[in-house]
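Biologist: I would like to learn how to read a structure feature by feature. Could you walk me through one?

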Amino acid sequence: MSNNSANSSNLVIAQKAVKQLRLEASIRRVKVSQAAADLKTFCLQNASKDPLLVGVPSSDNPFRPPKSCALF
Amino acid sequence: MCDHTFVAITFGPCDSCTLNKPLMNIYLQNEPVNYCSLCVEMMACQGLTQGENLASLKAESEGLKLRLEEERAKLHDVELHQAAEKVEPLGQLVTKARRSLKGHGNKVLCTDWCRDKRRLVSSSQVTEHAVTMPCTWVMACAYAPSGCAIACGGLDNKCSVYPLSLDKNENLSAKKKSVAMHTNYLSACSFTNSDMQILTSSGDGTCALWDVESGQLLQSFHGHSADVLSLDLAPSETGNTFVSGGCDKKANVWDMRSGQNIQSFETHESDINSVKYYPSGDAFATGSDDATCRLYDLRADREVAIYSKESIIFGASSVDFSISGRLLFAGYNDYTINVWDVLKGTRVSILFGHENRVSTVRVSPDGTAFCSGSWDHTLRVRTGRYLSLSDTHTHTHTHTHSLT
């Protein structure tokens, strides 16, 4: 590969990197306190519906041991 | 000008720079040529903007990185666990083993729940529950949203879709359809919102979106500089983004339609093995070989929590959230599963029972149970619940629970 194309590919890599960084720098951000508050709110709002947090009554549990009934 | 929608990716010498690389088949002045992605970019960016040269681009690059760091730091006014100080702490986790599935002949590598919440597909070193694949390692598997098909792949560099049938005698391998083709192993796959499209990630450093029916490549995602090990789709119905994590220690967020890398996070110190969105879609968690799990918030554009302990020195292979997002289940290479309080950053439980590495942890779609798959050839399904602190003095469960 000629020196010229090595230079131009380095250039293109650098241009790609700068394009990507410009994009990342331009996005809007919120404060962590705001983001944390939203995460907290989501957790608390959905906590009562989370079966791994509050459990489900045995009758609703899809994984409970199957009960059998005997007919005499 | 080349047409940016390309049909297939092959591997070989680039027509422009002659290096062996993954190639894009494009048309240049109506002639079909095979260019590597770098040469395609070179063509697209021909001609420098006034005053740009290598030195000025490097300087701008450094300047932008510094600015990014400063912007992110400015907004870092509080830690997540500080914001969650007033939240009631969780008490003891009481879990019950519900199923122990021993059908695999070898290490379990991957599992996925069906949306009907009752069925699991899992893949292993030799066979999976539904079909036998003609290759030794199946590394990825996924259920189609309809429950009528599964997709799997691995060291064969492909992702194939198998329709499922209730007829046990039917030879499902005969009906298989090869959908994705990468130039290295398939590490993860996932159907998008329908049975019609599959997203894949690969050891070749790329992710790709495929049409199941035609096998056509719809979009490819370039940006990782090493193997991509995991991906997860954003939970929203209209969501068009996904996150990927890889051996370059980066977690990248992508726009599915444009192929653009929207955000990138690089704070892990080793390979990222697993990525999973927080249920609200505003954040995602990662599990890494550096023995930590981390939470990244998308709107704050930074890492907001690290889940680690000095006593945990083995890599985390797989992570998943409970449906409220309060609990993070993480499987580790030291055979345990640690359960973390996402808000407070503390570990609330450690689960033993597997006899080898835990390779995959998945919470069921309705959140009632979680399943762990391991190199000990088993899958274990458990349900559980947290007692609040006021309940704990009436129970005498110890802090650790066996999976058996």
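Modeller: Gladly, and let us start with exposure: a residue counts as buried under 20% relative accessible area, as exposed over 50%, and as partly exposed in between. Please keep in mind that this is a predicted model.

Biologist: Then how does Lys49(A) count, buried or exposed?

Modeller: Lys49(A) has a relative accessibility of 55%, so this residue counts as exposed. Its place is the loop between α2 (32-46) and α3 (51-54) of chain A. From Lys49(A) to Arg22(A) the C-alpha distance is 42 Å, with their positions 27 residues apart in sequence.

Biologist: What does Val30(A) touch, leaving out residues up to four places away in sequence?

Modeller: Val30(A) touches Ala35(A) in its own chain, and Leu75(B), Arg299(B) and Ala300(B) in chain B. Val30(A) sits in the loop between α1 (3-26) and α2 of chain A. With a relative accessible area of 24%, Val30(A) is partly exposed.

Biologist: How many helices and strands does each chain have?

Modeller: Chain A has 3 helices and 0 strands, and its pattern along the sequence is α-α-α. Chain B has 3 helices and 30 strands. As for burial, 35% of the 72 residues of chain A count as buried, and in chain B the figure is 54% of 404 residues. Among the chain B contacts with a separation of 6 or more, 45% are between residues 24 or more positions apart.

Biologist: How should I read a helix?

Modeller: An α-helix has 3.6 residues a turn, so residues three or four places apart point the same way. Take helix α2 (residues 54-74) of chain B: at 1.5 Å a residue, its 21 residues should span 30 Å, and the end C-alpha atoms are indeed 30 Å apart.

Biologist: Which residues of α2(B) are buried?

Modeller: They are Leu57(B), Ser61(B), Leu64(B), Leu68(B) and Arg72(B). These residues cover an arc of only 65° around the axis, which means they are on the same side of α2(B). The other side of α2(B) carries the exposed residues Ala55(B), Leu66(B), Glu69(B) and Lys74(B).

Biologist: And what caps the N-terminal end of α2(B)?

Modeller: Asn53(B) does, with a side-chain oxygen 3.1 Å from the backbone nitrogen of Ala55(B).

Biologist: Can we look at a strand residue next?

Modeller: Try Ser160(B), which is found in strand β9 (residues 158-163) of chain B. Its relative accessible area is 0%, so Ser160(B) is buried. Beyond four places in sequence, Ser160(B) touches Ile150(B), Ala151(B), Cys152(B), Lys176(B), Lys177(B), Ser178(B) and Val179(B).

Biologist: What about aromatic rings?

Modeller: A pair of aromatic rings is described by the distance of the centres and the angle of the planes. Over all chains, a search of the whole structure finds 11 aromatic pairs. In one of them, Phe284(B) and Tyr296(B), the centres are 5.2 Å apart and the planes lie at 20°, so the pair is stacked. Phe284(B) belongs to strand β20 (residues 283-288) and Tyr296(B) to strand β21 (residues 293-297), so the pair ties together parts of chain B that are 12 residues apart in sequence. Both Phe284(B) and Tyr296(B) are buried.

Biologist: Where does a tilted pair occur?

Modeller: Tyr307(B) and Trp340(B) form one, at 5.9 Å centre to centre and 50° between the planes. This pair links distant parts of the chain, 33 residues apart: Tyr307(B) is in strand β22 (residues 302-307) and Trp340(B) in strand β25 (residues 337-341) of chain B. Tyr307(B) is buried, at 0% relative accessibility, and Trp340(B) is buried with a relative accessible area of 0%.

Biologist: Which residues form an aromatic cluster?

Modeller: Phe265(B), Tyr277(B), Phe284(B) and Tyr296(B) form one cluster. A ring can also meet a charge: the charged end of Arg357(B) sits over the ring of Trp375(B), 4.5 Å from the ring centre.

Biologist: Last topic: how do I read phi?

Modeller: Most residues other than glycine have a negative phi, and most peptide bonds are trans. Lys249(B) has a positive phi, near 65°. This residue lies in the loop between β16 (241-246) and β17 (251-255) of chain B, and at 35% relative accessibility Lys249(B) counts as partly exposed. Ala291(B) also has a positive phi, near 70°. Ala291(B) lies in the loop between β20 and β21 of chain B, and at 5% relative accessibility Ala291(B) counts as buried.

Technical notes. Residues are numbered from 1 along each chain as its sequence is written. Chains are lettered from A and ligands numbered from 1 in the order in which they are written. This is a predicted model: local features need pLDDT of at least 70, side-chain atom pairs count only at pLDDT 80 or more; totals for chains, interfaces and linings use all residues. Side-chain values use heavy atoms; hydrogens and water are left out. Helices (H or I, at least four residues) and strands (E, at least two) are DSSP runs, numbered from the N terminus. The expected span of a helix is 1.5 Å times one less than its number of residues. Buried means under 20% relative accessible area, exposed over 50%, partly exposed in between (1.4 Å probe, protein chains only). The arc is that of the directions from the helix axis to the C-beta atoms. A polar contact is a pair of N or O atoms within 3.5 Å; within protein, one must be able to donate a hydrogen and the other to accept it, and residues adjacent in sequence count only if both atoms are side-chain atoms. Contact means heavy atoms within 4.5 Å. Rings of Phe, Tyr and Trp (its six-membered ring) pair if their centres lie within 6.5 Å; planes under 30 degrees apart count as stacked, over 60 as edge-to-face and the rest as tilted. A charge sits over a ring if NZ of Lys or CZ of Arg is within 6 Å of the ring centre and within 35 degrees of the ring normal.
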